[in-house]
Amino acid sequence: KKYFYNMIQLYKWNKGGDYLYFEKKSNRLYTNFTFLSSHYRLNNVKLNNEPLEEFDITSSFPLMLAIYCMKVSPDIVNDYDFREYCTSIKKKSFYQDLTDLLNKIKDCNNNHGESATGKRAFTKDIVKKLFQIFLNGDSNRNVYIEGFSNSFILEQFELKYPCIFEIIEKVKSNDELLYYKLSKLETEYIFNIIEGLYQNYADIKILTCHDALYLSLSYAEKAKEIWDNHMEALLNTLPDNLKEEKVEINILEDFGIYDGDNLSPKKRSKYYMTLTQ
């Protein structure tokens with residue numbers, strides 16, 4: 001089904017069936033290119049007769065959700081749960097962390113794909129779809145994806161990130177769609193990168209697909225530095241819990257965990273240096 005859909009879209013485009021539509025509510029641009037799946041874009045479209053290189057935002061909507069939360073509730077940066085959420089974003093492990101959490105709560109065995117009770121494990125792809133439904137759908141409507149319900153992810157997200165859950169539900173209670181708010185933030189970020197690329201390389205050609213840019217291969221290395229700088233600057237606006245908490249060795253010694261006299265000379269030197277700091 002996916003193959004035929006993409007082949008039909010490519011056929012229409014190739015025959016001159018150009019499509020261009022700008023959605024004002026989301027600030028998204030829809031074209032023949034955006035209708036294609038990522039694999040078909042990369043393998044069937046060229047710029048300057050060159051293959052394409054893709055640059056996309058990792059976990060775009062979860063990231064934009066964090067940005068939105070800070071815009072509407074600046075004090076949220078001091079909330080431990082929000083900082084934990086942002087930490088997951090910065091580590092680029094949000095969906096995997098959420099998948100692991102759901103499977104742990106559900107008592108699933110990821111190695112065998114099911115638990116002792118026969119319950120199937122969540123996959124990351126399923127969790128991505130369920131998260132989007134939870135984010136943009138009706139919280140009172142129970143939706144199933146391949147037999148998995150979105151109600152479970154809703155309950156667990158509320159428990160783990162209550163401050164973010166409250167903001168999401170507030171938007172929904174006003175009969176607004178969070179999708180449009182996050183899409184606008186996403187587009188604003190992409191436009192900033194496009195502006196930077198054109199300022200540095202006036203002749204560059206760029207194709208867009210919502211949270212991603214596609215450039216000809218000859219510009220990929222040049223553009224990577226600009227992309228990485230923008231991404232780093234955006235992520236640096238997020239708080240986190242990444243700073244490691246160091247446990248004083250003398251405290252560990254009180255519990256009999258360390259014995260300085262039994263350490264090697266090198267470790268003993270480091271041990272006493274820590275004690276005197």
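In the predicted model, the buried residues of helix α7, which spans residues 150-160, are N150, F152, I153, L154, Q156 and F157. The elements that cover these buried residues include the helices α4 (80-90), α5, α6 and α8, together with the strand β5 (148-149). One of the buried residues of α7, F157, also belongs to an aromatic cluster, whose members are F82, Y85, F94, Y95, F131, F134, F157, Y161 and F165.

Aromatic contacts were then examined through the whole structure, and the search finds 22 aromatic pairs. Among these, Y189 and W227 form an edge-to-face pair, with 6.4 Å from centre to centre and an angle of 70° between the planes. This pair links distant parts of the chain, since Y189 belongs to helix α9 and W227 to helix α10 (residues 217-235), and the two residues are 38 residues apart. Y189 has a relative accessible area of 8% and is therefore buried, and W227 likewise counts as buried because its relative accessibility is 7%.

A further pair is formed by Y201 and Y219, whose ring centres are 5.9 Å apart and whose planes stand at 65°, so that this pair is edge-to-face. Distant parts of the chain are again linked, as Y201 lies in the loop between α9 and β6 (206-209), whereas Y219 lies in helix α10, 18 residues apart. With a relative accessible area of 23%, Y201 is partly exposed, while Y219, at 16%, counts as buried; the cut-off that separates these two descriptions is 20%, because a residue is called buried under that value.

Aromatic rings also meet charged groups in the model. The charged end of R41 sits over the ring of F33, at 5.8 Å from the ring centre, and the charged end of K106 sits over the ring of F122, at 4.7 Å from the centre of that ring.

Helix α10, which holds W227 and Y219, also contains E221. E221 has a relative accessibility of 73% and so counts as exposed. In sequence E221 and E53 are 168 residues apart, but in space their C-alpha atoms are 9.5 Å apart.

The open spaces of the structure were considered next. The largest pocket has a volume of about 790 Å³, and of the 30 residues that line this pocket, S60, Y95, K128, Q132 and D211 are the closest to its centre. At least two lining residues are supplied by each of the helices α2 (38-44), α3 (60-72), α5 (94-106), α6 (124-136) and α9 (178-200), and by each of the strands β3 (52-56) and β7 (212-216). The largest share of this lining comes from α6, which contributes five residues. By type, the lining of the largest pocket is made up of nine nonpolar, nine polar and 12 charged residues. Y95, one of the residues closest to the centre of the largest pocket, is also a member of the aromatic cluster.

The second largest pocket holds about 230 Å³ of space, and its lining consists of Y68, V72, S73, I76, C163, E166, I167, K170, V171, N174 and E176. Both α3 and α8 (162-173) supply at least two residues of this lining, and the largest share, five residues, comes from α8. The lining of the second largest pocket divides into six nonpolar, two polar and three charged residues. Helix α3 thus takes part in the lining of the second largest pocket as well as in that of the largest pocket, and α8, for its part, is among the elements that cover the buried residues of α7.

Enclosed space was searched for in the whole structure as well, and one cavity of 30 Å³ or more was found. The largest cavity has a volume of about 40 Å³ and is lined by S88, F94, D97, L98, L101, K160 and Y161. Helix α5 gives the most to this lining, with four residues, and the lining of the cavity comprises four nonpolar, one polar and two charged residues. Two of the residues that line the cavity, F94 and Y161, are also found in the aromatic cluster.

Terms used
Residues are numbered from 1 along each chain as its sequence is written. This is a predicted model: local features need pLDDT of at least 70, side-chain atom pairs count only at pLDDT 80 or more; totals for chains, interfaces and linings use all residues. Side-chain values use heavy atoms; hydrogens and water are left out. On a 1 Å grid over the protein atoms alone, a cavity is a set of points where a 1.4 Å probe fits but cannot get out, and a pocket is an open set with protein on both sides within 12 Å along at least five of seven lines; lining residues have an atom within 4 Å of a point. Grid points are joined across faces, edges and corners, and a volume is the space filled by probe spheres set on the points. Ala, Val, Leu, Ile, Met, Phe, Trp, Tyr, Cys and Pro count as nonpolar, Asp, Glu, Lys and Arg as charged, and the others, Gly among them, as polar. Buried means under 20% relative accessible area, exposed over 50%, partly exposed in between (1.4 Å probe, protein chains only). Contact means heavy atoms within 4.5 Å. Rings of Phe, Tyr and Trp (its six-membered ring) pair if their centres lie within 6.5 Å; planes under 30 degrees apart count as stacked, over 60 as edge-to-face and the rest as tilted. A charge sits over a ring if NZ of Lys or CZ of Arg is within 6 Å of the ring centre and within 35 degrees of the ring normal.
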